[in-house]
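Please open the model in a viewer and keep the selection panel at hand. The tour below proceeds stop by stop, stating what to select and what is found there.

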Amino acid sequence: MNTSNNEYGVNDNSYKAAGELPGLTQLVDDFYDNMSEFAESKKIRDMHPSDLTESRTKLAYFLSGWLGGPRLYSQHFGGMSIPASHKHLPVGEAESEAWLHCMQKAIDVQPYEESFKVYLITQLRVPAERIRAVCARNI
C-alpha cells in the first residue's frame, strides 16, 4: 500500500500498511519463529507456553486494534492493559530488547514500505518500555 509516513497512526492506515489481518498474522508468525530461533531470546520464549497457537492469535488480534483495525482482541478475549497483563513476568532491559530484536527481524522480512517498517518498530518500543518498567519493579 502506498501510504505516506505522516498518515501512519491515522484511522486504519497503519492496519492497512501492515497488510490487515493476513499481514499481521504473517508478522506474528515470523516474530514467534524468531523467538524460537535466536539464543538471546530463549528467556522470553520460555515465558510462553510450548504451544504458541493462542499466543500468536492474541498478538495478531491485539496488533489489529492497536494499529487502527478491528478490535479483535477485545472482541474475543475482553479488555487488556498491556503492562498489567505482563507484570508477573521477569522482564528487564535484556528481555525487552530481545523481544524488540525478534520483532525487528520479523518486520524486516515483511513486504511493508520502508517508512512503515521504521514507524512500526518505533511505535512498538512504547509498549515494550511500559512492560519493562512495570516488570522491573517485580524483578
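How much space lies in the second largest pocket? In this predicted model, about 170 Å³ of space lies there.

**Stop 1: the second largest pocket**

Select Tyr61, Phe62, Gly65, Trp66, Arg71, Leu72, Tyr73, Ser74, Gly78, Gly79 and Met80, which line the second largest pocket. Colour the selection by element next: H4 and helix H5 (72–77) each supply at least two residues of this lining, and H4 provides the largest share, four residues. By residue class, the lining of the second largest pocket divides into six nonpolar, four polar and one charged.

**Stop 2: the largest pocket**

Move to the largest pocket, which holds about 720 Å³ of space. Its lining comprises 27 residues, and those closest to the pocket centre are Tyr32, His48, Met80, His86 and Trp99. Display these five side chains as sticks to mark the centre of the pocket. Two or more lining residues come from each of helix H2 (20–37), helix H4 (53–66), helix H6 (82–86), helix H7 (93–108) and helix H8 (114–136).

Which helix gives the most to the lining of the largest pocket? That helix is H4, with six residues. The residues of this lining divide into 18 nonpolar, six polar and three charged. Met80 is worth keeping on display, since it is listed both among the residues closest to the centre of the largest pocket and in the lining of the second largest pocket.

**Stop 3: helix H4**

Select residues 53–66, the range of helix H4. H4 has 14 residues and reaches 20 Å from its first C-alpha to its last, close to the 20 Å expected at 1.5 Å a residue. Within H4, the buried residues are Ser55, Leu59, Ala60, Tyr61, Phe62, Leu63, Ser64 and Gly65. Show the elements that cover them; these include H1, H2, H5, H6, H7 and H8. Just after H4, select glycine 68, which takes a positive phi of about 95 degrees.

**Stop 4: helix H2 and its start**

Select residues 20–37 for helix H2. Why does the span of H2 agree with expectation? At 1.5 Å a residue, the 18 residues of H2 should span 26 Å, and the end C-alpha atoms of H2 are 26 Å apart. Its buried residues are Gly23, Leu24, Leu27, Val28, Asp30, Phe31, Tyr32, Asn34 and Met35. Among the elements that cover these buried residues are H1, helix H3 (42–45), H4, H7 and H8. Tyr32 thus appears as a buried residue of H2 and among the residues closest to the centre of the largest pocket.

Now select glutamate 20, which is in helix H2. The phi of glutamate 20 is near 55 degrees, a positive value in a residue other than glycine. For context, most residues other than glycine have a negative phi. Glutamate 20 counts as partly exposed because its relative accessibility is 37%, between the limits of 20% and 50%.

Glycine 19 is found in the loop between H1 and H2. With 35% relative accessibility, glycine 19 counts as partly exposed. Draw a distance from its C-alpha atom to that of valine 109: the two are separated by 13 Å, although they lie 90 residues apart along the chain.

**Stop 5: helix H1 and the segment before it**

Select asparagine 11, in the segment before H1. Asparagine 11 has a positive phi of about 50 degrees although it is not a glycine. Is asparagine 11 buried or exposed? At 65% relative accessibility, asparagine 11 counts as exposed.

Continue to serine 14, in helix H1 (residues 13–17). Serine 14 counts as buried because its relative accessibility is 1%, under the 20% limit. The side chain of serine 14 reaches the backbone nitrogen of glycine 9 at 2.8 Å. Leaving aside residues up to four places away in sequence, serine 14 touches Tyr8, Gly9, Leu67, Phe116 and Tyr119.

**Stop 6: serine 96**

Finish in helix H7, where serine 96 lies. At 7% relative accessibility, serine 96 counts as buried. Which residues does serine 96 touch, not counting residues up to four places away in sequence? Select Val91, Ala128 and Arg132 to display these contacts.

Terms used:
Residues numbered from 1 in each chain as written. Predicted model: local features only at pLDDT ≥ 70, side-chain atom pairs only at ≥ 80, totals over all residues. Heavy atoms only, no water. 1 Å grid on protein atoms, 1.4 Å probe; cavity = no way out; pocket = protein on both sides within 12 Å on 5 of 7 lines; lining within 4 Å. Points joined across faces, edges and corners; volume = space filled by probe spheres on them. Nonpolar A, V, L, I, M, F, W, Y, C, P; charged D, E, K, R; others polar. Buried < 20%, exposed > 50% of the residue type's maximum accessible area, 1.4 Å probe, protein only. Polar contact = N/O pair within 3.5 Å; in protein donor to acceptor, adjacent residues only side chain to side chain. Contact = heavy atoms within 4.5 Å. Expected span 1.5 Å × (residues − 1).
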